[in-house]
Amino acid sequence: MSQPILTLSGLSKSFPGVRALHDVSLSLRPGSVTAILGENGAGKSTIVKVLTGIYRPSDGEIRVRGELKSFSSPRDAWAAGIAAIHQETVMFDELSVAENIFMGHMPTGPARFVDWSEMHARAAALLKRIDAAIPPEFKLKRLSVAQKHLVEIARALSHEAQVVIMDEPTAALSANEIDDLFRIVAQLKAEGRAVLFISHKFDEIFRIADDFVCLRDGEKVGEGAIASVTEPQLVRMMVGRPVDQVFPKRDVAIGDVVLSVAGLSNATEYADVSFDLRKGEILGLYGLVGAGRTEAMQGLFGITPKTRGTVTLEGRRLSIGAPSDAITAGISYVPEDRQEQGAIVSLGIRENVTLANLSKYIRGLFLSRTSEQAETRRLGKRLAVKAANWEQKLAELSGGNQQKVVIAKWLATRPKVIVLDEPTKGIDVGSKAAVHDFIGELASEGLAVVLITSELPEVMGLADRVLVMKEGRVVDAFKRGQWSAEAIVGAATGAAKEAA
Amino acid sequence: MNMDTPVPPVDRYIVLDAPPRRLRDVLLRWEVILVILLVATIVVNTIVSPYFLDVFNLADATFNFSEKAIIALAMALLILVREIDLSVAAIVALAAMGIGYAAEAGFGPVGLFATGIGIGLLCGAFNGMLVTWFSLPSIVVTIGTMSLFRGITQVILGDQAKTKYPQEFLDLGQSYFIKMKETGISWLFVPPVPLSFLIFLVLAVLFGLVLHKTAVGRQLFAIGSNPVAARFSGIPVDKLRFLLFVVSGMLSGLAGALLTARLGSMRSNIGVGWELDIVTMVILGGVSIAGGVGSILGVVLAVLVLGLVTFGMSLNNIPGQVVSVYIGALLIAVIAIPRILDKVRVRPIR
């Protein structure tokens with residue numbers, strides 16, 4: 001076996017309160033494809049970010065062809081021959097294909113002006129090498145996602161990258177486009193490059209990878225040749241820990257059906273989503289990123305109107321055309337993207353908490369600051385929001401405390417049903433546990449909860465029932481006590497069912 | 001190995017309702033800067049010209065900016081929610097032309113004002129519809145309608161002027177709505193107030209209450225700060241945006257009526273260039289062009305500063321071009337001051 005192109009040894013990365021990677025070692029052989037597996041949050045993306053110079057590792061070393069490297073910027077990673085193709089492409093929509101390929105290292109002529117003909121010729125040559133029929137002068141925004149991936153591969157080749165990282169490259173591709181991509185991966189292999197392939201889809205991993213590395217909670221829990229393992233073994237490796245003990249589940253008496261959703265559909269993103277939700281129940285909605293869970297719940301909430309389906313709350317048929325209809329009826333939705341959709345960071349805590357039902361604080365004609373303050377104090381204390389004062393701007397709070405304020409805003413509307421979309425995404429461990437505990441408390445007070453999460457321990461720790469969505473449809477349902485981590489992941493990824 | 005042990009919530013943890021008031025924070029408020037500027041303007045002008053501090057002169061001076069100031073109130077709300085309406089002056093012209101024709105058709109003062117406001121309403125609704133239904137950027141839409149509305153006026157009127165108006169209508173624009181009243185004590189009196197300035201003051205109080213005291217006002221701040229999160233919070237973002245364009249159009253129509261009544265005639269170039277004067281008032285008033293920040297008090301103060309600067313300079317026969325240089329420099333300086341102070345200020349260690 002030849003010398004590895006890339007070696008990572010003892011790699012660790014910590015953020016305040018979170019250990020994203022711990023003592024991970026791996027090596028990539030030339031002409032091979034290595035798959036990295038793991039649940040969301042297992043540390044896959046952190047590895048990619050360390051390798052592309054976006055994060056600096058807290059500990060450990062990176063060697064390229066035996067030579068010690070330290071990346072202080074993405075440029076250094078490019079120079080060392082490492083290129084990444086990202087989940088959602090990070091490129092410049094308004095620039096041409098050629099400009100995108102050569103951004104940062106455009107060929108220049110005399111007087112440092114860009115040599116356009118040289119650049120277009122070289123771009124055309126690179127694209128031809130991967131059989132991509134894309135004119136170099138096209139603006140990027142005219143291309144499909146698959147074509148953009150090809151441009152990224154051409155960009156990687158323009159750097160003579162020896163290591164190509166593909167972070168869920170097939171997430172948005174059709175079957176034919178995936179075939180094309182895999183043909184190029186095979187070509188990269190044949191040219192002696194190393195490919196690091198990150199995917200949730202087992203069929204792809206078995207089809208394309210030579211080796212695998214499995215991560216869990218930032219640690220390496222297994223590696224080897226892909227030919228030596230089976231799918232169930234991999235799933236078990238991924239979910240391995242005893243998930244049930246992490247978040248103690250409260251004993252809650254589950255009452256009557258509160259919300260009944262039937263046949264919820266829209267044109268493209270989800271179809272025929274139906275479920276009943278009972279008082280005090282926590283319904284987990286599990287699936288891979290892009291399975292349509294968020295879209296379906298936003299349809300329920302009136303953000304993107306659904307095209308079909310009925311929503312019945314406490315026996316009353318609702319017609320929800322806008323979020324305000326849902327709020328009035330008693331449905332709340334805590335969005336996933338806290339910074340963009342949840343919090344208004346330039347406003348204070350009080351103004352955020354009261355925003356979704358301002359009419360409640362009106363005395364006479366005007367808002368009453370006293371009653372706003374009373375509600376803010378009540379909910380702020382209940383959620384243990386840490387702040388200097390209730391007028392403090394959200395921008396000055398930590399992510400976890402911002403999330404608590406957003407949840408407080410929705411509790412202030414006194415909902416009957418609350419949809420939590422990835423409520424613990426990107427927040428520190430301490431706040432995470434507090435949010436989990438709080439979700440249990442809400443249910444015990446009779447609130448019906450829909451919990452969208454991509455974290456298996458979270459859904460298994462908190463939910464009474466789990467619906468699994470895949471490609472916009474509910475593909476499976478599990479009751480507490482009748483599920484296994486393997487079965488849930490299997491349903492979400494479409495892996496074979498014998499796993500359970 | 002497991003780090004997921006829950007942290008117990010801090011129980012005896014006191015969070016204040018509001019931050020302690022500190023003098024420095026109060027002094028750095030935009031409105032305070034504007035008050036200082038206003039006082040400085042009055043002091044300098046009083047020293048330079050003996051005619052400045054005369055109630056009749058000052059009352060006359062308000063004629064020159066009140067119509068623009070009325071529109072500035074609506075513009076302030078639009079800029080607060082990250083929109084802008086550059087067609088306001090063109091709406092003034094279109095409304096004024098409508099009033100001209102209505103006057104010829106024998107309308108009375110009430111009918112003429114209603115005509116102006118009605119035309120403004122339609123123009124504003126047109127702007128609002130383009131911005132909200134088709135998700136077009138308002139700066140582009142209103143540059144377009146600015147040309148469109150002004151162009152319609154020019155095509156219909158050519159170089160003609162409208163000069164026939166009923167006397168009661170002209171009286172509303174040209175005389176003091178509230179007459180000077182002496183109380184017998186030399187320094188205590190009711191100053192003369194033109195109708196346009198009175199309308200501005202009443203509307204300013206109304207807008208101030210709506211923006212700073214009502215739920216709708218809070219929703220406008222939320223939209224200006226983060227329109228996406230505002231929508232997720234159940235705020236009817238597009239409805240409110242549409243409404244603001246309608247209000248902007250109506251106030252432009254009202255201003256057109258007041259202006260026509262004051263001048264007693266109108267041509268197609270009436271109010272040319274006003275839109276930028278109005279935007280200047282709003283920006284100087286401390287409304288952030290990035291949205292989410294501003295106050296009606298600031299806009300009122302900025303209107304007074306700009307009005308008195310212009311009036312003072314005209315008393316001293318300083319040509320208009322110089323006034324414009326001064327106002328430009330003032331705007332840039334006043335906007336730069338807080339940024340500079342921010343950089344200089346040393347943050348206290350918590």
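## A salt bridge at Glu104(B)

Glu104(B) counts as partly exposed, at 42% relative accessibility. Its partner Lys162(B) is buried, at 2%. Here buried means under 20% relative accessible area, exposed over 50%, and partly exposed in between (1.4 Å probe, protein chains only). The model is predicted: local features need pLDDT of at least 70, side-chain atom pairs count only at pLDDT 80 or more, and totals for chains, interfaces and linings use all residues. Residues are numbered from 1 along each chain as its sequence is written, chains are lettered from A and ligands numbered from 1 in the order in which they are written, and side-chain values use heavy atoms, without hydrogens and water.

The closest N and O atoms of Lys162(B) and Glu104(B) are 3.1 Å apart, a salt bridge. Lys162(B) sits in the loop between helix 6 (138-157) and helix 7 (167-174) of chain B, and Glu104(B) in helix 4 (residues 88-104), so the pair ties together parts 58 residues apart in sequence. Another set, in chain A, forms one network: Arg129(A), Glu160(A), Glu191(A) and Arg193(A) are joined by salt bridges that share partners.

## Other salt bridges

A salt bridge needs a side-chain nitrogen of Lys or Arg within 4 Å of a carboxyl oxygen of Asp or Glu. By this rule there are 37 over all chains. One joins Glu445(A) and Arg382(A), at 2.9 Å from N to O. Glu445(A) lies in the loop between helix 15 (429-444) and strand 20 (448-452) of chain A, and Arg382(A) in helix 13 (residues 369-382), so this pair links parts 63 residues apart in sequence. Arg382(A) is partly exposed, at 28%.

In chain B, Glu31(B) and Arg29(B) also pair, at 3.4 Å from N to O. Glu31(B) is buried, with a relative accessible area of 12%. Arg29(B) is partly exposed, at 48%.

## Chain B overall

Chain B has 14 helices and four strands. These are DSSP runs, numbered from the N terminus: helices are H or I with at least four residues, strands E with at least two. Of the 350 residues, 50% are buried. The C-alpha atoms fill a box of roughly 90 × 55 × 40 Å along the principal axes.

The unreviewed UniProt entry places "transmembrane region" at several spans of chain B, including 65-81 and 323-341. Such annotations may be inferred rather than shown by experiment. Residues 65-81 are 94% helix and 0% strand, with end C-alpha atoms 24 Å apart. Residues 323-341 are 100% helix, with ends 27 Å apart.

## Strands and a helix in chain A

Strand 11 (residues 257-265) and strand 12 of chain A run antiparallel, joined by five bridges. At least two DSSP bridges make a strand pair. Leu277(A) is the bridge partner of Leu259(A). Strand 12 (residues 273-278) alternates: Val273(A), Phe275(A) and Leu277(A) point to one face and are buried, while Ser274(A), Asp276(A) and Arg278(A) point to the other and are not.

Strand 21 (residues 465-470) and strand 22 (residues 473-479) of chain A are also antiparallel, with six bridges. Lys470(A) stands opposite Arg473(A). Two residues lie between the strands of this hairpin, where Glu471(A) takes a positive phi near 50 degrees. Helix 1 (residues 44-51) of chain A has six of its eight residues buried, so it is largely enclosed by the rest of the structure. Just after helix 1, Gly53(A) takes a positive phi of about 80 degrees.
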